[in-house]
Amino acid sequence: MESTPTYDRLNQYGERLEDGDIILNLDYWDCECKQKFIHPINEDRCAICGFEQDECPSSRENEVNLFLGRV
Ligand SMILES: [Zn+2]
């Protein structure tokens with residue numbers, strides 16, 4: 001029996017789909033700021049809260065869409 005692991009599923013943007021309703025966009029990450037907490041993957045660190053990409057989770061797809069205005 002073979003089954004495709006859910007973490008290998010990608011959507012049309014090449015983004016990873018998580019179990020359930022959560023879709024992560026691996027091109028962005030969330031810092032700890034209350035606003036403007038979405039950072040592109042080429043930013044290592046948030047200048048405001050000081051969190052680094054390494055210690056932060058990937059952003060959720062729906063939040064990235066709002067951030068980009070891509071709805
Ligand atoms: Zn921040």
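Trainee: Which residue in β3 stands opposite Trp-29?

Mentor: This is a predicted model, in which local features need pLDDT of at least 70, side-chain atom pairs count only at pLDDT 80 or more, and totals for chains, interfaces and linings use all residues. Residues are numbered from 1 along each chain as its sequence is written. Strands here are DSSP runs (E, at least two residues), numbered from the N terminus, as are helices (H or I, at least four). Opposite Trp-29, in β3, stands Ser-58.

Trainee: How many bridges pair β1 with β3?

Mentor: Two strands count as paired if DSSP finds at least two bridges between them. Strand β1, residues 24–30, runs antiparallel to β3. The number of bridges in this pairing is three.

Trainee: Which residue of β2 is the bridge partner of Asp-30?

Mentor: Strands β1 and β2 are antiparallel and are joined by three bridges. In β2, Asp-30 has as its bridge partner Ile-38.

Trainee: What is the order of the strands in the open sheet?

Mentor: The sheet is open, has three strands and pairs them in the antiparallel sense. β2 (38–40) and β3 (58–60) each have a single partner strand, so each has one side without a neighbour in the sheet and stands at an edge. From one strand to the next, the twist averages 70°. The order is β2-β1-β3.

Trainee: What angle does the direction of helix α1 make with that of β3?

Mentor: Helix α1, residues 61–68, packs on the sheet and touches β1, β2 and β3. A contact requires C-beta atoms, placed from the backbone, within 7 Å. Axes are lines fitted to C-alpha atoms, for helices over the stretch in contact, and angles between N-to-C directions run from 0 to 180 degrees. The angle is about 80°.

Trainee: Is Asn-25 buried or exposed?

Mentor: Asn-25 belongs to strand β1. A residue is buried if 20 or more other C-beta atoms, placed from the backbone, lie within 10 Å of its own, exposed if 12 or fewer, and partly exposed in between. Because 23 other C-beta atoms lie within 10 Å, Asn-25 is buried.

Trainee: How far apart in space are Asn-25 and Asn-62?

Mentor: In sequence, Asn-25 and Asn-62 are 37 residues apart. Their separation in space, C-alpha to C-alpha, is 8.7 Å.

Conventions: Two residues are in contact if their C-beta atoms, placed from the backbone, lie within 7 Å.
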